[in-house]
Structures are given as structure tokens and as C-alpha cells.
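Here are some notes on the aromatic side chains of this structure, set out as numbered points so that each can be checked against the coordinates.

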Amino acid sequence: RYFVLNNDAGLLEYFVNEQSRHLKPRGTLQLAGAVISPSDEDSHTFTVNAASGEQYKLRATDAKERQHWVSRLQICTQHHTEAIGKNNPPLKSRSFSLASQGSANSPGVQRRPSQNAVSFFSVGHHRLPTGKRVPIMQPDHLVDVREMMSQAEGQQRDLIRSIECLPASGHLTSLDQDLLMLKATSMATMNCLNDCFHILQLQHASQQKGSLPAGTTISWLEPKVSLANHFKNGAAQNFPAEINKPASVREEQSIAEPCQLTREPEEINPDEELEDICDDKEDDLGAVEEQRSVILHLLSQLKLGMDLTRVVLPTFILEKRSLLEMYADFMSHPDLFIAITNGSSPEERMIRFVEYYLTSFHEGRKGAIAKKPYNPIIGETFHCSWRIPKSNVATDAGTNSSARSPSEQVTLPKDPEGQAEPDCYTVKFVAEQVSHHPPVSGFYAECVERNMCVNAHVWTKSKFLGMSIGVTMVGEGVLHLLEHGEEYTFSLPCAYARSILTVPWVELGGKVNINCAKTGYSASINFHTKPFYGGKLHRVTGEVKQNMTNTVVCRVQGEWNSVLEFTYSNGETKYVDLTKLSVTRKRVRPLEKQGPFESRRLWQHVTESLRDGDIDKATEHKRALEERQRNEERLRAETETPWCTKYFLKDGDGWVYHKPLWKTVSATQTQQMDSN
């Protein structure tokens with residue numbers, strides 16, 4: 001087929017071939033409300049998902065042409081979508097009364113051929129006097145609509161809960177085809193209503209934009225915020241202390257509180273951080289077992305290989321921490337991290353890095369149950385640090401902290417004023433969610449005393465694989481040993497959540513490489529997934545070699561969450577038992593000292609609800625955060641305001657910390673040379 005973009009009409013038209021362009025199109029697709037997205041399959045394919053539900057899958061001749069088509073289609077789509085809200089006349093005032101779903105003739109109990117989504121509402125139209133202008137919808141009217149929609153969403157949840165509480169067998173079961181269809185259509189109805197509400201917001205914004213004085217407030221889906229500031233990236237975003245407080249309290253607080261949020265980088269003082277006392281092990285299976293019907297319903301809507309990036313997963317499978325904090329927990333053996341630069345030769349430093357790398361994944365998982373950390377919202381950050389006694393860090397090949405048992409580890413001396421002891425190293429860590437679609441996180445850690453730092457960016461791509469979920473960690477990390485002028489590049493393995501219908505568990509898979517261009521040493525590590533029949537779990541093998549001579553200097557094998565065996569070229573063997581390896585607790589600022597976008601403060605209500613076992617409340621708090629993020633993303637797109645990161649800068653295909661140690665050291669050395 002030969003496709004033509006009709007910008008004026010907002011249509012994507014197609015013909016049999018180019019010669020038939022003068023004839024009537026064989027078909028057309030309305031672009032208003034459509035979603036244009038490049039495909040993950042290759043660099044040529046993209047899809048057009050129309051508001052009507054139709055989907056066209058198109059293939060360009062190359063990546064450049066695809067980008068051109070996607071850009072033009074997105075511009076056309078946005079223009080005609082906004083025109084719906086701007087050009088349509090304001091809606092007449094309506095009164096809604098929600099029908100009770102608990103009656104005997106509710107949709108879940110009694111089915112009628114004429115029943116559809118409209119039967120959930122009884123709509124009364126108020127006739128306006130002829131000749132009078134329809135009043136413009138005011139902000140408080142939007143709040144009323146939001147309240148009504150919240151009630152409808154609550155009743156829709158009750159409907160789904162009632163269906164899922166039905167017995168698994170008998171005359172009417174929770175897996176009845178009609179009831180499953182009812183669940184799906186009710187969800188689609190609520191999504192449609194939310195889209196319509198967004199059109200009202202666009203309409204109101206187009207009428208009010210540019211005419212509001214500074215400081216004027218307007219209500220969107222969430223509490224009132226300053227419209228003048230809302231359009232600015234990084235302006236005040238008032239986070240209520242309690243999301244579930246009455247709307248009037250939230251609005252008063254949001255207006256009265258001064259602006260707290262700034263996108264300027266903040267220097268975190270490690271002396272304000274306290275040793276972390278949170279120990280949220282994820283070994284509770286109760287919620288997963290109780291919600292198995294929800295999992296079954298979710299699985300029934302997924303397709304093999306489907307990208308799960310935009311799929312909202314149920315709250316009960318969540319860990320009590322953000323993905324950004326999980327990256328920090330991979331640094332729970334900072335003594336091994338610092339020991340890398342103490343290696344006396346390039347060979348030893350590469351081996352020490354491999355040892356540190358392989359020991360990081362065990363502590364990064366909280367318990368044996370596979371649960372998912374919170375998806376960070378764009379702009380979210382996490383800060384922490386570690387203090388390590390210098391006596392705990394291996395200095396040469398003769399001493400190695402990994403061989404010590406926890407009882408042999410030197411404890412950190414207590415300081416009543418909270419200042420760092422002179423005989424301690426400090427490792428500082430910062431992470432930031434730099435992109436929402438695709439979801440990309442950047443993290444950076446440094447030890448100034450040892451002139452070493454690591455910078456990484458990770459794009460998490462998740463896919464449905466049948467009875468498991470696969471997560472590909474796309475990205476790269478670089479370890480800088482400034483004392484030696486060496487850079488070690490590395491990647492991360494894939495992660496898999498297996499047996500998601502029974503006892504979910506995590507395994508790692510794939511091949512990763514570690515390279516140091518200056519020394520010519522490299523490491524190849526294979527994380528082996530369990531074969532269908534037989535085989536061990538969590539098996540890992542690897543080797544370190546000198547590329548110039550192609551000589552293997554060290555081999556490693558074992559399990560990444562149990563015991564690792566290192567065999568050196570001289571015949572010596574060393575065992576590292578990860579279950580007995582000492583863990584250094586991270587230090588985190590108290591919640592009251594954290595900024596509103598720092599992970600623990602941002603997700604505190606979700607975390608507290610999960611600890612209390614209140615899944616419904618946790619879901620409400622999580623939904624409020626995600627909904628606000630979506631609304632702010634829409635507003636940025638409508639006002640063409642780019643997102644500005646706080647700590648990380650775009651560098652080619654990756655992200656780099658704004659003030660890395662290698663720049664600081666280089667600037668200091670330059671100043672010293674100038675002074676001499």
C-alpha cells in the first residue's frame with residue numbers, strides 16, 4: 001500500500017500504489033487521538049494506534065525515514081487532538097447520578113441484551129434558555145467532575161472485586177467469559193472518561209492560558225497548583241503530607257506552602273545521613289496467593305513478547321523500595337569496591353573488579369521472592385553514602401576483606417557528633433530517573449579519598465514471556481580509577497521473574513563483558529538460566545584474560561547468590577561465600593530532611609500501606625503519583641516544555657553525572673600546574 005499524510009484533514013490515507021493517488025483512497029485513519037510509536041522489533045517499523053482501536057503497522061525503508069514519518073505523524077496528531085478541545089463548544093451542564101451496583105439487577109448478576117456502559121449512569125440534561133450564551137466551565141466544575149469520576153472508579157473497583165470473589169466453580173464463576181468481558185469493558189469505559197476529561201482540561205487551558213495573573217491557581221486531576229509555575233519544568237510541585245486528606249485541606253496547604261522544589265543540583269552533606277534501620281525483607285507470599293485471580297486476569301490480557309513498560313501491574317507484587325534504591329543496594333559491599341584501586345597490578349585490579357561485580361547482585365535482591373520495585377517517576381532521586389573503616393579494605397593480594405567472616409570485620413567507630421572518622425573512607429551515591437518513556441535511570445558513586453568513581457545509565461525493558469517476565473538492562477557503566485588512569489566499561493545481565501503463578505523467584509541470565517582499554521584486560525561473564533530439565537539454579541561462570549596474549553589469568557564459577565570459586569593462573573583457589581559476606585549498611589537522610597522528589601519521601605505512603613498490609617490504600621497512593629506524572633507529561637508536551645534533569649546530563653546515547661570526580665580532579669591538577 002502507498003500511504004499519504006493529509007495534514008489539513010488529520011488523516012492517514014492509503015492507496016493501492018503511487019499511480020492510484022488521483023483516485024479515492026482505499027482507506028483512511030483519523031489521527032486525532034492516535035498514538036504513534038516506534039517498534040522495538042527493528043529500526044524501520046512503527047505503529048499507528050488510532051482512537052477508534054484500529055492499528056496500522058508500517059515499515060519505512062530505513063531508520064532515518066522512520067524518524068521522519070514518526071515526527072510528522074506525531075505533530076499532525078497533536079495538532080488535531082488539541083483542536084478537539086479548542087474548537088468544540090463547551091459542554092452543557094449535566095447532572096450525574098451513579099446507579100447502585102449492589103442491587104439485584106446489577107450488571108454482574110443480571111444481563112440484558114441492551115445493557116452497555118451508558119446504563120451505569122442516568123444522565124439528565126438541563127435545558128438552557130434560548131438565546132443565552134453557554135457559560136464557560138469553571139475550575140470548580142472540573143473538580144466536581146473529578147469527584148464524580150472518582151466515585152465511578154470506586155464503584156468500578158467494587159464491581160471487579162465482586163466478580164473476583166465469585167467461586168472458581170459452579171453456575172457462575174469469576175472466569176465466566178461474559179464477566180471477564182464486563183470487567184474489560186468497564187475498565188475501557190473509565191479510560192475513555194479520563195480521556196474525555198483531559199479534553200475538558202485542554203479546552204479550559206486554551207481559554208485561560210495567557211490571561212491568568214501570576215499566582216492564580218487552577219484545579220486539574222490533583223490538588224491546586226500554580227498554573228504559571230506548573231508550565232515551568234522544576235517549579236513548585238506541592239506534595240501534600242497526606243495524599244488521603246480532604247480536598248479542602250490539600251488545596252489550602254498547596255496554596256499556603258512556599259515553593260520547595262528546585263531543579264538546581266543539591267549538595268548532600270554525608271554528616272546529615274544516619275545509618276539505615278529499614279530491613280524490608282520480601283518473603284511474604286500471602287498477598288500473592290490471595291490475589292492469584294488478579295494475576296490470571298492480567299495474564300489473560302497480555303500477549304507473548306508484549307512490552308510491559310506501559311502496563312500497570314498490581315500493587316501487591318511491589319517491593320517496599322524504589323528501583324533507584326535497588327541500584328544503591330548493589331553497592332552494599334563498598335569495602336570490595338574500594339579495594340579495586342588497591343590492586344598492585346592491572347591484572348589484580350581487573351580480578352578485584354570482577355569479584356566486586358559478582359558479589360553485588362545477591363544483596364540487591366531483598367529476599368527470595370520475586371517482587372518488583374517501584375517504577376521511579378521522572379525527576380525522582382535517591383541519595384545515600386557508606387562509611388568503611390580503612391582497616392576493612394584489602395590493600396594487596398595478601399589480605400582480602402572477602403575472606404573475613406562478619407565477626408572478624410572491624411566495626412565502625414562511633415562518633416557522638418556524627419562526623420566522619422579520619423580512619424574511614426566515604427562512598428557517596430546519587431541516582432536520578434532521567435527519562436520516563438523510555439524509563440532510564442542514571443546513577444553515580446564516588447570515593448574521593450581513593451580517587452575512584454563509577455557512572456552508569458540503565459534502560460529497563462520488560463517483556464511478557466508466558467509464565468515469566470524478562471527485564472533487559474540496556475545501558476553501560478564505567479568505573480574510573482583515576483590513580484591509575486584506567487576506565488572499566490561494563491554491562492548488566494538480564495533478570496527474569498519465573499513461576500509468576502506459584503512462588504515467583506528471580507534468576508539472572510545473559511552474557512556481560514568488562515573491558516579496560518588501557519591495560520588490555522577483559523572479563524567475560526555468563527549468567528546461566530536454569531535448563532528445562534535438570535541443571536543448577538543461579539549458576540555463573542567467567543574468565544579474565546589478557547587480550548594481547550589471549551591468556552586466561554583467572555576463572556570463576558559458582559552461584560551468584562551463594563558461593564563463588566576463583567581459580568588463578570598459578571593454581572591457587574579462593575572461595576567467597578556471599579551468605580557470610582559482611583554487609584555495610586547505607587546511610588540515608590531522615591525523611592524530614594529529604595526533598596519532595598527523593599525516593600523514600602516520595603513513596604512513603606505507599607511503603608507504609610504495604611507494611612500495614614493495606615493493598616487498596618497503597619494502590620490509591622501509587623495511582624495518585626502515577627496520574628500526576630502523566631498529567632504533567634501531557635502539559636509539558638502541550639506547552640512544548642522539555643524536561644530538565646537535575647544531576648545527570650545527556651552525553652550521546654548515555655547520561656553522565658554533572659560533576660564527576662574525573663572532571664574535579666582534572667580541574668584541580670590544572671590549577672596546581674598553573675600556580676607552579
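1. In this predicted model, K574 is placed over the face of F566, at 5.7 Å from the ring centre. A second lysine of this kind is K461, which lies over the face of W459 at 4.9 Å from the ring centre.

2. Turning from charges over rings to rings paired with rings, the structure holds 18 aromatic pairs. One of them joins Y14 and Y56, whose ring centres are 5.9 Å apart and whose planes stand at 70 degrees, over the 60 degrees required, so the pair is edge-to-face. Because Y14 belongs to strand β2 (residues 11-15) and Y56 to strand β6 (residues 55-59), this pair ties together parts that are 42 residues apart in sequence.

3. As to the surroundings of these two tyrosines, Y14 is buried, with a relative accessible area of 18%, and Y56 also counts as buried, at 14% relative accessibility.

4. Another pair worth checking is that of Y357 and F490, where the ring centres lie 6.1 Å apart and the planes meet at 75 degrees, so that this pair, too, is edge-to-face. Y357 sits in helix α10 (residues 346-364) and F490 in strand β19 (residues 486-490), and the pair therefore ties together parts that are 133 residues apart in sequence. Both Y357 and F490 are buried.

5. Which residues do ring pairs link into a cluster? The cluster consists of Y327, F330, F353, Y357, F361, W386, F429, F443, Y488, F490 and F527, and Y357 and F490 from the previous point are thus among its members.

Key:
Residues numbered from 1 in each chain as written. Predicted model: local features only at pLDDT ≥ 70, side-chain atom pairs only at ≥ 80, totals over all residues. Heavy atoms only, no water. Phe/Tyr/Trp six-rings, centres within 6.5 Å; stacked < 30°, edge-to-face > 60°. Helix = DSSP H or I, 4+ residues; strand = E, 2+ residues; numbered from the N terminus. Buried < 20%, exposed > 50% of the residue type's maximum accessible area, 1.4 Å probe, protein only. Lys NZ or Arg CZ within 6 Å of the ring centre and 35° of its normal.
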